Structures are given as C-alpha cells and as structure tokens.
Amino acid sequence: MPDLQFSCPHCSQALEAPDEMSGDAVECPGCSRKITVPGIGKPEQASAPAAPSPATGVEKCPSCGSELASEAVLCVSCGYHTGLGKKITTSLS
Ligand SMILES: [Zn+2]
Ligand SMILES: [Zn+2]
C-alpha cells in the first residue's frame with residue numbers, strides 16, 4: 001500500500017504517513033501543530049449504495065436476450081415490450 005499523502009491544514013506542508021497511521025494525531029513537521037492523518041477507508045464509490053441493476057446502460061431483453069439500450073422499452077429483435085412485459089406484434093400476418 002502506498003503511503004498516505006496529505007497536506008497540513010494549518011501550513012499546507014506536504015506530508016506523508018504510512019496508511020496504518022490513518023486517523024492518528026501527529027505533529028506537523030512544518031508548524032508543529034497537531035493534525036490528524038486522514039483516513040484511506042473512503043473509496044469514493046462506496047458512498048453510493050450498490051445499484052440494484054449491475055449493468056448500467058445496457059439491459060437484456062428477458063425474452064430473447066438481445067441487448068437493449070437503457071431507455072429502450074421495445075426489443076427490436078423480438079418485439080418484447082419491457083413496460084408491458086410481453087411481446088408486441090405489429091404485423092397483421
Ligand atoms: Zn503544519
Ligand atoms: Zn427480445
């Protein structure tokens with residue numbers, strides 16, 4: 001794991017600390033004031049809860065498995081309408 005890189009909030013001194021010091025209070029070598037080593041356990045994507053649908057932007061037709069655009073409601077391959085939950089047949093054969 002790379003060291004944490006952060007800057008002192010008091011004097012903007014660029015600092016590094018081992019990641020295991022996350023959350024510890026340390027003394028800034030630049031201004032000798034107590035600062036807290038920022039945490040690393042904050043991956044940005046963790047702030048959002050897991051999306052209910054794993055595939056974003058692409059859905060699959062439940063009828064034939066063809067990929068559908070996220071905004072598409074009608075499968076062009078088989079005519080399945082995702083809103084109605086059934087195939088729509090436009091042909092009058
Ligand atoms: Zn400082
Ligand atoms: Zn389909």
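Reader: Why is C31 called partly exposed?

Author: This is a predicted model, so keep that in mind throughout. C31 has a relative accessible area of 25%. Buried means under 20% and exposed means over 50%, with partly exposed in between. The value for C31 falls in that middle band, so partly exposed is the right label.

Reader: And what makes C8 buried?

Author: C8 comes in at a relative accessible area of 2%. The cut-off for buried is under 20%, so C8 qualifies.

Reader: How do you know which residues are the protein donors of the zinc ion (ligand 1)?

Author: Donors are N, O and S atoms within 2.8 Å of the metal. The SG atoms of C8, C11, C28 and C31 lie 2.3 Å from the zinc ion (ligand 1), so they count. C8 and C31 tie distant parts of the chain together, 23 residues apart. C8 is in the loop between strand 1 (4-7) and strand 2 (14-17), while C31 is in the loop between strand 3 (25-27) and strand 4 (34-36). Along the sequence, the spacing of the donor residues reads C-x2-C-x16-C-x2-C.

Reader: Why is the site of the zinc ion (ligand 1) called tetrahedral?

Author: Its four donor atoms make angles of 106 to 115°. Four donors count as tetrahedral if all angles lie between 85 and 135 degrees, so the site passes.

Reader: What makes the site of the zinc ion (ligand 2) tetrahedral?

Author: Here the angles among the four donor atoms run from 105 to 115°. That range sits between 85 and 135 degrees, so tetrahedral it is. The donors are the SG atoms of C61, C64, C75 and C78, at 2.2 to 2.3 Å, and their spacing is C-x2-C-x10-C-x2-C.

Reader: Is C64 buried or partly exposed?

Author: Partly exposed, because its relative accessibility is 38%, between the 20% and 50% cut-offs. C61, at 3%, is buried.

Reader: What makes the nine residues of the largest nonpolar core a core?

Author: A core is a set of buried residues of certain kinds, Cys included, joined through side-chain atoms within 4.5 Å. L4, F6, C8, L15, A17, V26, C28, I35 and V37 form the largest such set. Strand 1 and strand 2 each supply at least two of its residues. In soluble globular proteins, nonpolar side chains tend to be buried together.

Reader: How many helices and strands does the protein chain have?

Author: Zero helices and eight strands. Of its 93 residues, 17% count as buried.

Methods
Residues numbered from 1 in each chain as written. Chains lettered and ligands numbered in written order. Predicted model: local features only at pLDDT ≥ 70, side-chain atom pairs only at ≥ 80, totals over all residues. Heavy atoms only, no water. Donors = N, O, S within 2.8 Å, 3.2 Å for Na, K, Ca; no water. Tetrahedral: all angles 85-135°; square planar, octahedral: opposite > 155°, others 65-115°. Helix = DSSP H or I, 4+ residues; strand = E, 2+ residues; numbered from the N terminus. Buried < 20%, exposed > 50% of the residue type's maximum accessible area, 1.4 Å probe, protein only.
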